[in-house]
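Biologist: Please take a close look at one part of this model, the places where a small probe could settle. Set the scene before you get there.

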Amino acid sequence: MSDNILSIRGLRKAYASGTEALKSVDLDIRRGEIFALLGPNGAGKTTLINIVCGIVTASGGTVLVDGKDWRSDYRAARARIGLVPQELTTDAFEPVISTVSFSRGLFGKPRDPAKIEAILRDLSLWDKRSTIMKELSGGMKRRVMIAKALAHEPDILFLDEPSAGVDVELRRDMWEMVRRLRRDGTTIILTTHYIEEAEEMADRVGVIAKGELILVEDKAELMKKLGRKVLHLQLTEPLTAVPAALAEWRPALSDDGATLTYEFDAKAERTGIPSLLTAMRDAGISFKDLDTKQSSLEDIFVTLVHQPRSAA
């Protein structure tokens, strides 16, 4: 059995207008991992998910779902996948329990009231089981969408912007639920605008921009490899400008002149900090406090998306 539950090769999507929504994406998703796909609006995240889930037709490429071709063996492949779409689309006049039970039947699974009850309880929806969908809040509807996606017990769960428009408390609940699903063996692929969501939960991170997958990396490795550190020096006396003697290190001066900021690579053999501090002392600049800060996944993401792409 392969370690990869999902294998995507050369996946493309071009529209008649000439717009390329996806540019030959290759991606392997490991069995049982939480994979976060990050990218700005229009980057191709939802297009990628919708192709894998059979909602959008690809212009080229292949997808294997646990070895099954998603075109020639569509029913078997699709039955392995659960999708929580970005848009809240439910039958407004159906009670919660009917909506979720119907989704299970849609994939040919036998009736299992105990399984449906367990899913609804897990998502704090059991007390709302008889409530009509249109009477639920946006956050509760989002929970129902997750319940619908889990009703047929998929091995792979796609969450497309799961935290869009939900409050912080529900977001935390969903994070806990995702971790629990992963512990039970479900593979989770989520797209998100909330960088802290990926930082909190993901095992690996993919970054997509303008239809191109520009990076896939273990989260810890990514932060180690691309994370930079920033040194903040709180000065004893404010400066009006960065002295020429410090130009080599290119520190930034705060608007009030009270803080010097120096960015450095924590993995470099020489960080430049000792020589900077020596140059400051020689220039008669003293400081009363200092601290360092590791760049966050958000900093790394912004850097990646905005850096120029090579012609290759």
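Modeller: Lys-293 counts as partly exposed because its relative accessibility is 43%. The cut-offs are under 20% relative accessible area for buried, over 50% for exposed, and partly exposed in between (1.4 Å probe, protein chains only). Lys-293 belongs to strand E14, residues 287–294. Its partner for a distance check is Asp-3, 290 residues away in sequence. From C-alpha to C-alpha, Lys-293 and Asp-3 are 36 Å apart in space.

This is a predicted model, where local features need pLDDT of at least 70, side-chain atom pairs count only at pLDDT 80 or more, and totals for chains, interfaces and linings use all residues. Residues are numbered from 1 along each chain as its sequence is written, and side-chain values use heavy atoms, with hydrogens and water left out. Helices (H or I, at least four residues) and strands (E, at least two) are DSSP runs, numbered from the N terminus.

Now the pockets. A pocket is an open set of points on a 1 Å grid over the protein atoms alone, where a 1.4 Å probe fits, with protein on both sides within 12 Å along at least five of seven lines. Lining residues have an atom within 4 Å of a point. The largest pocket holds about 300 Å³ of space. Its lining has 14 residues, and Lys-115, Leu-150, Leu-181, Asp-184 and Thr-186 are the closest to its centre. Two helices each supply at least two residues of this lining: H4 (113–122) and H6 (168–183). H4 gives the most, with 4 residues. By type, the lining of the largest pocket has 6 nonpolar, 2 polar and 6 charged residues. Here Asp, Glu, Lys and Arg count as charged, Ala, Val, Leu, Ile, Met, Phe, Trp, Tyr, Cys and Pro as nonpolar, and the others, Gly among them, as polar.

The second largest pocket holds about 250 Å³. It is lined by 13 residues. Nearest its centre lie Arg-78, Leu-83, Ser-103, Phe-107 and Lys-148. Strand E6 (81–84), helix H3 (96–106) and helix H5 (138–150) each supply at least two residues of the lining. This lining divides into 7 nonpolar, 4 polar and 2 charged residues.

Stay with Phe-107 for a moment. Phe-107 sits in the loop between H3 and H4. Phe-107 is partly exposed, because its relative accessible area is 28%. Pro-238 is 131 residues from Phe-107 along the chain, and their C-alpha atoms are separated by 68 Å.

Next, the strands. Two strands pair if DSSP finds at least two bridges between them. One open sheet has 4 strands in the order E2-E1-E4-E5, with antiparallel pairing. Its edge strands are E2 (20–30) and E5 (68–69), and each of them pairs on one side only. Strand E1 (residues 4–14) meets E2 over 7 bridges, in the antiparallel sense. Within that pairing, Leu-6 stands opposite Ile-29 of E2.

Ser-24 also lies in E2. Its phi is positive, about 45 degrees, although Ser-24 is not a glycine. Ser-24 is partly exposed, because its relative accessible area is 44%. Lys-210 is another residue other than glycine with a positive phi, near 50 degrees. Lys-210 lies in the loop between strand E9 (204–209) and strand E10 (212–218). Lys-210 counts as exposed because its relative accessibility is 69%.

Further along, E13 (residues 259–264) has two partners to visit. Strand E11 (residues 229–235) runs antiparallel to E13, joined by 6 bridges. There, Leu-233 has Leu-260 as its bridge partner. Strand E12 (residues 252–253) is also antiparallel to E13, with 2 bridges. Ala-252 is matched with Thr-261 in E13. E12 and E13 form a hairpin with 5 residues between them. Gly-257, in the turn, has a positive phi of about 75 degrees.

Rings come next. Aromatic rings of Phe, Tyr and Trp (its six-membered ring) pair if their centres lie within 6.5 Å; planes under 30 degrees apart count as stacked, over 60 as edge-to-face and the rest as tilted. The count is 1 aromatic pair. Tyr-262 and Phe-264 form it, stacked at 6.0 Å centre to centre with 20 degrees between the planes. Both Tyr-262 and Phe-264 are buried.

Last, helix H1 (residues 45–52). Of its 8 residues, 7 are buried, including Leu-48, Ile-49 and Val-52. Just after H1, Gly-54 takes a positive phi of about 80 degrees.

Conventions:
Grid points are joined across faces, edges and corners, and a volume is the space filled by probe spheres set on the points.
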